[in-house]
Amino acid sequence: MVVLAASVITKSGKALVSRQFVDMTRIRIEGLLAAFPKLVGSGKQHTYVETENVRYVYQPMESLYLLLITNKQSNILQDLDTLRLLSKLVPEYSPELDEEGIGRMAFEIIFAFDEAIALGHNENVTIMQIKQYCEMESHEEQLHKLIMQSKIDETKDVMKRKASEIDKIKIEKNKSERGGLTSLQSTGSARLDIGFGDMSISSGGGFGSNSSFSPSLDPDSFSSKAKGRASAPASVPSKGMGMQLGKTQKTNQFLESLKAEGEVIVEDVQPVAGQSKSSLPTATDPITITIEEKLNVVLKRDGGLSNLEVQGTFGLQILKKEDGFIQVQIETGGNESCQFKTHPNINKDLFLRENLLGLKDPSKPFPAGQLGDPLGLGLLKWRMQSAQESVVPLSINCWPSVSGGETYVNIEYEASEVFDLQNVVISIPLPALRDPPAVNQVDGDWRYDPRRSVLEWSIFLIDSTNRSGSMEFVVPPADPSSFFPIDVKFSTAKTFCDIKVANVVPVNGGSASKFASRTQLITENYQVV
């Protein structure tokens with residue numbers, strides 16, 4: 001059987017999509033397609049037409065024809081099976097069976113035809129397999145997108161820093177131009193307390209009187225630990241001088257203006273746990289196997305689960321080519337709720353029979369070297385969805401209430417006994433505030449980000465000793481909905497899918513290969529809405 005071409009044409013013979021599987025000129029295929037409507041007689045029940053050289057196998061699709069052009073020696077029964085498969089593929093990619101709909105999805109239809117027919121011979125595939133092959137994710141594309149996004153974010157951060165520096169220079173210049181003269185009187189002692197440390201300067205003698213000013217720098221509004229320092233008065237000795245330029249006053253005004261603008265002086269240079277995406281260390285072992293799951297959860301603020309989805313990847317990374325002639329023996333356990341999907345180059349029958357991950361062609365090795373993706377080459381993927389709230393690793397309850405002109409917010413977490421969570425960060429959005437929120441009680445640490453107006457509650461580890469915890473803070477009167485959505489980030493060494501690496505076996509026999517294995521679950525999107 002040889003299929004010369006698969007086409008979608010109009011009733012008049014106009015070609016909308018045509019895929020040739022043998023060498024054929026454009027003039028010849030257009031001539032064959034244009035001749036087809038003249039060969040189809042009205043009122044006939046046949047689904048094929050023969051000429052001296054070719055056979056047309058066709059099926060009407062509303063105002064169009066799905067057409068296979070084959071040689072006369074091909075098996076008509078196999079042609080009809082191929083035609084039925086293509087007739088189900090076309091509506092999958094183009095629900096609108098007209099010229100505009102087919103033209104809009106032309107490339108997707110051609111790609112699907114290529115998966116169903118190879119070099120003129122039909123492939124033993126189903127519609128679901130074809131859709132999986134066409135929608136297969138590309139690790140290189142994902143890596144490129146991550147790199148581009150990181151460059152964009154880095155450029156935005158540089159832009160913000162430059163803008164902040166320019167504003168500081170402008171403010172300092174304006175203050176220096178408006179700086180005046182301060183009369184100082186000398187008798188007595190002076191104390192200068194700037195707030196970064198305790199440093200005092202005292203002097204006696206002079207003209208018999210004193211003058212004081214109080215510079216204050218309060219970086220504690222950006223800190224989660226300090227409770228605020230009272231600015232101490234300070235006076236500068238005159239030592240026989242009647243007047244002196246008020247430089248300290250200008251410094252005070254400059255710092256106060258920075259504080260009013262919400263500039264972060266201390267906390268900006270400190271890394272915040274959980275804000276950056278979890279990154280895997282670079283592989284240094286000859287064979288490294290990584291099992292990673294990404295968790296997407298949407299919880300309702302009034303209780304209940306809206307969505308829980310887990311996407312897992314089984315990655316293999318090999319440093320040297322000679323170590324690539326292997327098969328990986330895994331144990332999947334009872335994962336009835338997980339849907340597994342192997343890479344197209346993996347022997348699927350071997351995986352289903354013996355839980356072995358190996359290439360279809362055992363004579364070829366797995367790709368070696370640093371592949372760019374920290375996970376390495378993805379051999380196996382799985383997906384799990386659940387509507388049971390009991391499987392959620394971390395539940396969050398938030399209770400805002402207005403009392404006495406203030407809003408009291410009580411927020412608590414409750415963790416599942418199945419998982420030990422690390423680097424937990426719960427980010428609560430706040431309304432626009434002039435001052436940081438007053439935190440009355442917290443299990444763990446907290447940090448207020450004035451630029452994003454977010455209160456971050458961080459717990460380094462949640463295990464059997466602290467399965468539940470709470471925090472209470474107070475802000476001015478606010479709408480309860482302004483404290484949502486709450487964003488949660490964490491990681492753990494246990495996964496939902498019970499999958500383990502049993503052994504790494506050389507293809508040609510011999511002793512088992514040494515390998516390193518690492519497992520982690522991270523949150524991709526975990527919110528309370």
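**Entry 1: a term to begin with**

Two strands pair if DSSP finds at least two bridges between them. I keep that beside me for the hairpin below. I also note that this model is predicted.

**Entry 2: the whole chain**

I started with the overall count. The protein chain has eight helices and 25 strands. Its length is 529 residues, and 39% of them count as buried. Next I looked up contacts between residues at least 6 apart in sequence. Of these, 68% join residues at least 24 apart.

**Entry 3: the nine-stranded sheet**

I traced an open sheet of nine strands. I wrote its order down as β13-β15-β11-β10-β25-β23-β18-β21-β20. The pairing in this sheet is mixed. Which strands stand at the edges? They are β13 (339-342) and β20 (445-449). Each has a single partner strand, so one side of each is left without a neighbour in the sheet. On average, neighbouring strands here are turned by 15 degrees against each other, direction ignored.

I added a reminder for myself. Strands of a sheet pair through backbone hydrogen bonds, and the pairing is either parallel or antiparallel.

**Entry 4: β11 and its two partners**

I stayed with strand β11, residues 305-318. Is β11 largely enclosed or largely open? Eleven of its 14 residues are buried, so the rest of the structure largely encloses it. The cut-off for buried is under 20% relative accessible area.

One partner of β11 is strand β10 (residues 287-299). The two run antiparallel and share 13 bridges. I picked out one pair across them: Glu293 faces Gly312 of β11. Then I followed the chain around the hairpin of β10 and β11. Five residues lie between the strands. In this hairpin Gly303 has a positive phi, near 105 degrees.

Another partner of β11 is strand β15 (residues 377-385). This pair is also antiparallel, with eight bridges. Here Gly312 turned up again. It stands opposite Trp382 in β15. I noted Gly312 as a residue with Glu293 opposite it and Trp382 opposite it too.

**Entry 5: β18 and β23**

I moved along the nine-stranded sheet to β18 and β23. Strand β23 covers residues 486-492. Four bridges join it to β18, and the two run antiparallel. How I placed one pair: Gln422 has Ser491 of β23 as its bridge partner.

**Entry 6: the four-stranded sheet**

I found an open sheet of four strands as well. Its order is β16-β17-β22-β19, and the pairing is antiparallel. The edge strands are β16 (394-403) and β19 (438-442). Each of these pairs on one side only. Neighbouring strands in this sheet are turned by 15 degrees against each other on average, direction ignored.

I looked closer at β17 (residues 406-415) and β22 (residues 468-475). They are antiparallel and paired over eight bridges. Tyr413 has Gly469 of β22 as its bridge partner.

**Entry 7: Ser416**

I went on to Ser416, in the loop between β17 and β18 (421-429). Is Ser416 buried or exposed? It is buried, with a relative accessible area of 14%. The limit for buried is under 20%, so this value qualifies.

What does Ser416 touch, leaving aside its neighbours within four places in sequence? Its contacts are Val392, Pro393 and Arg467. I checked Val392 further. It lies 24 residues from Ser416 in sequence, and the two are 7.1 Å apart in space, C-alpha to C-alpha.

**Entry 8: helix α5 against α2**

I turned to the helices. Helix α2 (residues 76-93) packs with helix α5 (residues 127-134). Their angle is about 50 degrees, and the axes are 10 Å apart. Therefore α2 and α5 are oblique to each other. Their crossing is right-handed.

Which residues make the contact? From α2 they are Leu85, Lys88, Leu89, Glu92 and Tyr93. From α5 they are Ile127, Ile130, Lys131 and Cys134. I sorted them by class: six nonpolar, no polar and three charged.

**Entry 9: helix α5 against α4**

Helix α4 (residues 106-116) crosses α5 at roughly 120 degrees. Their axes come within 10 Å. So α4 and α5 are oblique to each other. This crossing is right-handed.

On the α4 side, Phe111, Ala112, Glu115 and Ala116 make the contact. On the α5 side, Ile130, Tyr133 and Cys134 do. By class I have six nonpolar, no polar and one charged. I flagged Ile130 and Cys134 of α5, since they are listed in the contact with α2 and in the contact with α4.

Note on methods:
Residues are numbered from 1 along each chain as its sequence is written. This is a predicted model: local features need pLDDT of at least 70, side-chain atom pairs count only at pLDDT 80 or more; totals for chains, interfaces and linings use all residues. Side-chain values use heavy atoms; hydrogens and water are left out. Axes are lines fitted to C-alpha atoms, for helices over the stretch in contact, and angles run from 0 to 180 degrees between N-to-C directions. Angles under 35 degrees count as roughly parallel, over 145 as roughly antiparallel, 65 to 115 as roughly perpendicular and the rest as oblique. A crossing is left-handed if the near helix is turned anticlockwise from the far one by less than a right angle, and right-handed if clockwise. Contact means heavy atoms within 4.5 Å. Ala, Val, Leu, Ile, Met, Phe, Trp, Tyr, Cys and Pro count as nonpolar, Asp, Glu, Lys and Arg as charged, and the others, Gly among them, as polar. Buried means under 20% relative accessible area, exposed over 50%, partly exposed in between (1.4 Å probe, protein chains only).
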